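Open the viewer, switch to a cartoon view and keep the selection tool at hand. We will go from stop to stop, picking a part and then seeing what is there.

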Amino acid sequence: MSSTDSRPELAAGLTFPPGFFFGAATAAYQIEGAVDVDGRGPSIWDTFSHTPGRTFQGHTGDVAVEHYTRYPEDVALMKELGLSAYRFSVSWPRVLPEGAGRVEQRGLDFYRRLVDELLEQGIDPWLTLYHWDLPQALQDRGGWTSRDTSARFADYAGIVHDALGDRVRHWSTLNEPMVSALLGHQSGAHAPGVRDAVSASRAVHHLLLGHGLAAGVLRERGVDHLGITLNFTPMSPASDRPEDVDAARRLDGQQNRMFLVPLVTGAYPEDVVADLAAAGAPLPVEDGDLEVIGAPLDWLGVNYYFEETVRAGARPEGMPPTSFIGGEDVVELDPEGVTTTMGWGVSPEAFTRLLCWIGEQAPGLPLVITENGSAWEDEVSADGAVHDAQRVDFLLRHLAALRTAMADGVDVRGYFAWSLLDNYEWARGYAQRFGLVHVDYETQRRTVKDSGRVYADVIRHHRER
Ligand code: FCB
């Protein structure tokens, strides 16, 4: 693979400690397709995406990038890029079509085949149990607003471990519980599309409880490399006016601290507890829950995309509903400078600061970057390549920012790019391309983008050092 690196000095200067690893990430519903194959049951994302008006142009994950059948080709691409790890998620409704009870062996067999293929190519599987695709049958019984779902999640964790525990070492419970809880139940921008503060705070706590219960089940089975992935968005006030400072405190509370702090200290932050209670949506904590939630982790997954600046004030007409409980009086400002096609700003400096902050909050806990990436207007050029210079720039600047945090003493063990492939970007459908590999959705043809080649160069330099 030849280098097309537009920033050779940056790529060459990117030296990481020996043992640091590079991978790429995906999620089941975003890539697999094959939604009615091998006994899979429906998930909340099937229901949501098939509900008119919920997703961009009604896009669904029905076909996605056909990873369910094309996985050997996709693993070969990982090998070509030189990845040493692959982060993927298991679809709960493939394994338990009704959410609980009857186990579908054909669903488990798919993940066995995938993992075996990875291991054969020398790629380390990092398995996430839940990346947002709750079985619809459980949603029909209250979903994450119901405490019972936490227990069902722990059962599911045990079932997946019984099938794959002999070949998968790295286990993660949840991907981004903040998004499942708050976009799913407060803004309603994601499945199950609920807009209700009480439901949202119940979902927050039951997701974290589900994590803790599942972690217990995995520990009993001997898992010794257990983590969870959180998404962090640094929040700054637009001014030093007390109202703006307080708006940033509240959003930071729900976005970042409400998830990180109980996991590492066994207690919710007091100000967040008070904010939620004041909004009439208290966290439904029962005796003993926080000890379960705060059980030790082996690593913390960090997803970082952008930072936000906020101010107090009424949300202008036409602004989407807030994702934050009681956040109706907070406005997120438009980012300055270049924005990705998601409308997100680009701020590698905030990535460095974030990692230093997490390092202080969670001393002694190794971090893994489980997602970082960007969406741009990609096109296959006449020469057959995809010259995604902006993604190359984003990738190299974020790797450099990560390296700076590590030089400052933050313990980061690896980096997963989001994403291996262009895929179904949830409510934004196929319009947003995050892949290192381009996918032509008509033909399912995969083309490694320039960013994929540059990433491969970075990895090769790292290996050869
Ligand atoms: C994260 C999700 C991932 C993907 C990226 C762009 O919030 O975990 O599935 O959609 O955003």
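Our first stop is a threonine. Keep in mind along the way that this is a predicted model. Select T352 and the residues that T352 touches: leaving aside neighbours within four places in sequence, these are A401, T404 and A405. Now show the helix around this threonine, which is α14, residues 348–361. Is T352 buried or exposed? With a relative accessibility of 12%, T352 counts as buried, because that value falls under the 20% cut-off. Draw a distance from the side chain of T352 to A401: a polar atom of that side chain sits 3.0 Å from the backbone oxygen of A401.

**The barrel**

Next, colour the strands. Which strands make up the closed barrel? Follow them in the order β1-β2-β3-β4-β5-β7-β10-β11, and you will have gone through its 8 strands, with parallel pairing. From one strand to the next, the twist averages 25°.

Zoom in on β2, residues 85–89, with β3, residues 124–130, beside it. These two strands pair in the parallel sense over 5 bridges. To find a landmark, pick S89 in β2 and look across to T128 in β3, which stands opposite. Now turn to the pairing with β1, residues 21–25: 3 bridges join β1 to β2, and the two run parallel. Here the landmark is G23, whose bridge partner in β2 is A85.

Stay on β2 and switch on its side chains. In a regular strand, side chains alternate between the two faces of the sheet. In β2, A85, R87 and S89 point one way, while Y86 and F88 point the other way. Why is β2 described as largely enclosed by the rest of the structure? The reason is that 5 of the 5 residues of β2 are buried.

Before leaving the barrel, add helix α8, residues 147–164, to the selection. Helix α8 lies across β3 and β4 (170–175), and runs at about 155° to β3.

**The open sheet**

Select β6, β8 and β9 for the next view. In that order they form an open sheet of 3 strands with mixed pairing. The edge strands are β6 (235–237) and β9 (330–332), each pairing on one side only. The twist in this sheet averages 35° from one strand to the next. Look closely at β8 and β9, which run antiparallel and are joined by 3 bridges. A312 makes a handy marker, standing opposite V330 in β9.

**The largest pocket**

For the last stop, turn on a surface and look for the largest pocket, which holds about 1,500 Å³ of space. Which residues lie nearest its centre? Select F306, E308, M342, W344 and R428 to see them, out of 47 residues that line the pocket. Then show α9 (177–185), β5 (226–232) and β8 (308–312), the elements that give two or more residues to the lining. Helix α9 provides the largest share of that lining, with 3 residues.

Methods: Residues numbered from 1 in each chain as written. Predicted model: local features only at pLDDT ≥ 70, side-chain atom pairs only at ≥ 80, totals over all residues. Heavy atoms only, no water. Helix = DSSP H or I, 4+ residues; strand = E, 2+ residues; numbered from the N terminus. Buried < 20%, exposed > 50% of the residue type's maximum accessible area, 1.4 Å probe, protein only. Polar contact = N/O pair within 3.5 Å; in protein donor to acceptor, adjacent residues only side chain to side chain. Contact = heavy atoms within 4.5 Å. Pairing = 2+ DSSP bridges. Axes fitted to C-alpha atoms, helices over the stretch in contact; angles between N-to-C directions. 1 Å grid on protein atoms, 1.4 Å probe; cavity = no way out; pocket = protein on both sides within 12 Å on 5 of 7 lines; lining within 4 Å. Points joined across faces, edges and corners; volume = space filled by probe spheres on them.
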